Structure formats: structure tokens, C-alpha cells
Amino acid sequence: MEILYDIIDVYGIAALVLLLLVVVLFVEQVISLCRMMIVAKFKQTSRKQILQEQPPVSVIVPLFGEDEEYLKGDFRTLLSQSCSAYEVVAVYVGKEDAYYATLKHLRKFYKHLKTTQIDYTPQYPITMRLALNIGIKSASYEHIVITTPETSLTTRDWVNYMARGFMYGDIVLGYCNWAKQGGLKNLFYRKYRFGEVRTYLAEAIRGRQYGASRNCMGFTKSLYFSVRGFDHLDLTAGEDDLFIQRIATADNVSVLLTPAAHCSEQPPQSFSTWLTEVYRQGQTRQYYTQQARNAEGCAMICRLAFFVAAIGAIVVLPLEFKIFSALLLLVRYIIMGVVNSKTAARVGEQGIAAWEPIFDFIEPWVRFIIRATQRERISVWR
């Protein structure tokens, strides 16, 4: 106690409080970063196996509009997967007979393709929920995988891995990244998504699933119809998260972390387009459980608070405290670099970890601004 009083006499109580705040927040940051290592260390075989062999699966693809390039490219990749027992159910929402004829023509070459058409009329718009519901009802198999036309498969083994995931859970979640392109903007998009998906996959491994990606997720028909499918009809995006929250339990989620099991999506062409999509997805958070909202909010606030406290200590405290605070900041960056490089490698994200010191400081401020303005954007859409 005498040492403590001596420190207060020399430096003042305000300096001591600031230094203690830096230390406390540093410890919290280290704990949070180390918790993310569960993604890098996770092994699917550590989970209880519920099926002795991988089941046949039905892959549902809703097609809104006439995307000829998709039919010629990524759709053919989906139809040519190495999986021995699967079907593809394409649900076309539109009125172009020629496009649907082209889609049906593919059944001559791919016997495992099913097609159905829903006429689109502006007076009665067809939602993604309805298209998926029709596709799932048409599916021949109990185990369902859904994806989108925006999704590119990097290998011919994707369906195989998704089907194998059902051996360890009734829900299967994979990783979908933004496609790698040049430039800092693309790096930021990829880093932002990596941070979000890594967090909900880590929570899924711990049995506290709260998010999902419609690009690469699977579930059983029984689970789907037990909760009457996707709900929240007022949402234009993000209802897949809420659906997963309704059906996920502590032990029924299977997480795929093999790079060959992942897929990619073309990133937005402009920052404004990306920001609009982030706002749309953010509509979902108001419906999250309190536990999920608190976890997201606390992580962001603690991260921002650590930066502010550490920089403040470096600026205003005596030299020895400046050095100590700077050292804690450096140690955090080293730990963060190790954790992020290992987790990024596990999900096949290349080139992200090297830029982490820059994005690590920028990203929480961007997230804070987005959260702060989210409610205003939602009110505009409604």
C-alpha cells in the first residue's frame, strides 16, 4: 500500500487511474483475441458424429431476374460438383420464357437439376422467403443447402463438404468471403467481412450461434418447417441470421473451416454500395437477443476505449508510463497479428493479416459510426 501511496504522491491519482484503465482494457483485449483462436484450432472431428455417412443434399438456388452469365459460369460449376448424391433446385422468379427455357434445357445434361418458375408481377412482389420456401418444398432430400447466384464456388468439392458437415450437426455453416481484388478498398471490404464472420463462427463453435451467411448454409427440412421457415417479412436482408437463431442449439451446428469448403462473392464496386448493403444487413440487429447485442456492443466499445486510453496515456502521462502504455499497445498488436494470421489462413483469406495494424485502428470507428446511424437509415427505408 505504501508503494501505491508513493505513486499517487508522485504522479497523482488521475494518472494512476488512467494507467489502471489501460491495463484493464489491455487484459480484456488479450482475452478477446485469444478467444478468437478457437477458429484456428477447431477440428470438426472433435464434435459428436450424428450420422455414419454423409447424406444426399438438395441445393436451393433462387434466381431473381435473368442472369445469363450465371447460367454459363458459376451455375455450371454448381451442377458439376464431385458429390455423388445431390440435386440442384433452381427457383426462377421472372417472366422471361426464353430464359426459363434455357434453364430447363440444362436438365438434358444434368439429370440432378430441378427447375420451377414463379411469375413476377410488380403488384405482388415475390420475396426471397417465398422463393426459398417453394424450393425447399420441392426438394427431394431432408438435408438442405442454400446459396445464391452471387456466390462463386472455388472448387468442385463444395457440395461434398457441405453434405459431410451434416454428419456433425443439423445446421451447417461455411465461410463466404469477398473475392480478392487489388486495392485498399477491397482489402477493407474483406477485412470487415472477415471480422464479422469469424466472430459468429467462433460463437457457433462455442454453442452460441447468432449469425449465418445465405451464400453457404445448410439445415434440415424438419428444422425449417418446425419454425415455419424464414420470418420477419418486413426485412429486406438479414433474416437468415434470425432464422438461425431460432433453430440453433448448443450442439446442433456444424462449422466448416476447410478452405475448400468456402465460397466467394464479388465485392461492391463502390464504397456507397457497400455501405448501403451493410446498413441493410444491420436491420437485423434490432431483433437479436440481448445477449448477442451486448456481446457485439461490448467488444466494439472495449476496443475503442483501449485505443483512446492507450493513446491518451502516451500523450499525457510521465515518460515511464508512456513507455509502458506503448509497450502494451505493441504487445496487443503482436498477439492480434498471430491470432489473425492463423484464423485468416484457416478460412483461406490471403493478404489480410499483413495490413491488420492499419485496419485494426480504422475498423472500430467505422463500425461505431455505422451503428450510430443505423436507426436513422432503417426509418428511411420504412
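**Helix packing and a nonpolar surface patch**

Leu184, Val308, Ile311, Val315, Val316, Trp355, Ile358, Phe361, Ile362 and Trp365 make a nonpolar surface patch of about 910 Å². The model in which this patch appears is predicted. Two helices, H12 (290-316) and H14 (356-381), each supply at least two of the patch residues. Val315, one of the patch residues, is placed in helix H12.

Helix H2 was examined next, with two of its partners. Two packed helices are described by the angle between their axes and the distance between the axes. Helix H2 spans residues 13-41, and helix H13 spans residues 319-346. Their axes lie 9 Å apart, and the packing angle is about 10°. Angles under 35 degrees count as roughly parallel, so H2 is roughly parallel to H13.

Residues from both helices form this contact. On the H2 side are Leu19, Val22, Val23, Phe26, Gln29, Val30, Leu33, Met36, Met37, Val39, Ala40 and Lys41. They meet Phe321, Phe324, Ser325, Leu328, Val331, Arg332, Ile335, Met336, Val339, Lys342, Thr343 and Arg346 of H13. By class, the contact of H2 with H13 has 17 nonpolar residues, three polar residues and four charged residues.

The second partner of H2 is helix H8. Here the two axes come within 9 Å and cross at roughly 75°. Angles of 65 to 115 degrees count as roughly perpendicular, and H2 and H8 are therefore roughly perpendicular to each other. H2 contributes Arg35, Met36, Ile38 and Val39 to the contact. H8 contributes Arg198, Thr199, Ala202, Glu203 and Ile205. Five nonpolar, one polar and three charged residues make up the contact of H2 with H8. Met36 and Val39 of H2 are listed in the contact with H8 and also in the contact with H13.

Salt bridges were then considered. The structure holds seven. In one salt bridge, the side chains of Glu203 and Arg35 meet, with an N to O distance of 3.8 Å. Glu203 lies in helix H8 (residues 184-205) and Arg35 in helix H2, so this pair ties together parts that are 168 residues apart in sequence. Both Arg35 and Glu203 also belong to the contact of H2 with H8.

Definitions and conventions. Residues numbered from 1 in each chain as written. Predicted model: local features only at pLDDT ≥ 70, side-chain atom pairs only at ≥ 80, totals over all residues. Heavy atoms only, no water. Axes fitted to C-alpha atoms, helices over the stretch in contact; angles between N-to-C directions. Helix = DSSP H or I, 4+ residues; strand = E, 2+ residues; numbered from the N terminus. Parallel < 35°, antiparallel > 145°, perpendicular 65-115°, else oblique. Contact = heavy atoms within 4.5 Å. Nonpolar A, V, L, I, M, F, W, Y, C, P; charged D, E, K, R; others polar. Patch = residues over 30% accessible without salt bridge, like charges linked within 9 Å, V, L, I, M, F, W, Y side chains within 5 Å. Areas by Shrake-Rupley, 256 points an atom, 1.4 Å probe, with all protein chains shown as cover. Salt bridge = Lys/Arg side-chain N within 4 Å of Asp/Glu carboxyl O.
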